[in-house]
Amino acid sequence: MSIFPFIDSSSSTSTDSTDDLEVLKEYAYDFENNELLLDENGCTYLVEKNEALRIWIFKALLTERFHYTAYDFTFGSEYQDQLIGHALNSDVVRLEMERFIIEALMTNPYIKRLDNFTFENTTAGMKVSFEVTSIYGTDTILLAVKEVKV
């Protein structure tokens, strides 16, 4: 279930029970510079639990579903193709954006619920804020979506 398609995840369990889930781990990632983070020795390193889940969430939302052959069809989101460049009613944009986020993230067995979506226009697009309830607790995600306005 790693965001990196070259990592073999066959050793992880894939059941619906949260008791059987291994601790979620991802490579530390800097989304502003679009690169892996390095430790003081210049090596990549792993983060766990909520921090790893945040990385997975952002990568899933920023990756176009069905666009990259490295990822299976359950990974990624579809708002890029469906909302960018289309003139839609603001209520439709909100509902569709919420639906695309839910569809993209609820494939992850660590995530239990997504709540409290808010949308705000910016000069570049919109900001979406929502709460993620996972097996590690609750976290608030703030996503900047360029070229989409509500």
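**Exercises: a salt-bridge network and a nonpolar core**

Glu-103 is partly exposed, at 31% relative accessibility (buried is under 20% relative accessible area, exposed over 50%, partly exposed in between; 1.4 Å probe, protein chains only). This is a predicted model, where local features need pLDDT of at least 70, side-chain atom pairs count only at pLDDT 80 or more, and totals for chains, interfaces and linings use all residues. Residues are numbered from 1 along each chain as its sequence is written, and side-chain values use heavy atoms, leaving out hydrogens and water.

**Exercise 1.** Find the residues linked with Arg-99 in a network of salt bridges.

*Solution.*
- Apply the rule: a side-chain nitrogen of Lys or Arg within 4 Å of a carboxyl oxygen of Asp or Glu.
- Arg-99 meets Glu-103 at 2.9 Å, N to O.
- Arg-99 also bridges to Glu-96, with the closest N and O atoms 2.7 Å apart.
- Result: Glu-96, Arg-99 and Glu-103 form one network.

**Exercise 2.** Place the Arg-99 and Glu-103 pair in the chain.

*Solution.*
- Both residues lie in helix H3 (helices are DSSP runs of H or I, at least four residues; strands are runs of E, at least two; numbering starts at the N terminus).
- They are four residues apart, about one turn of the helix.

**Exercise 3.** Describe the largest nonpolar core.

*Solution.*
- Such a core is a set of buried Ala, Val, Leu, Ile, Met, Phe, Trp, Tyr and Cys residues joined through side-chain atoms within 4.5 Å.
- The largest one has 32 residues.
- Ile-101 and Val-128 are among those with the most contacts inside it.
- Helix H1 gives the largest share, eight residues.
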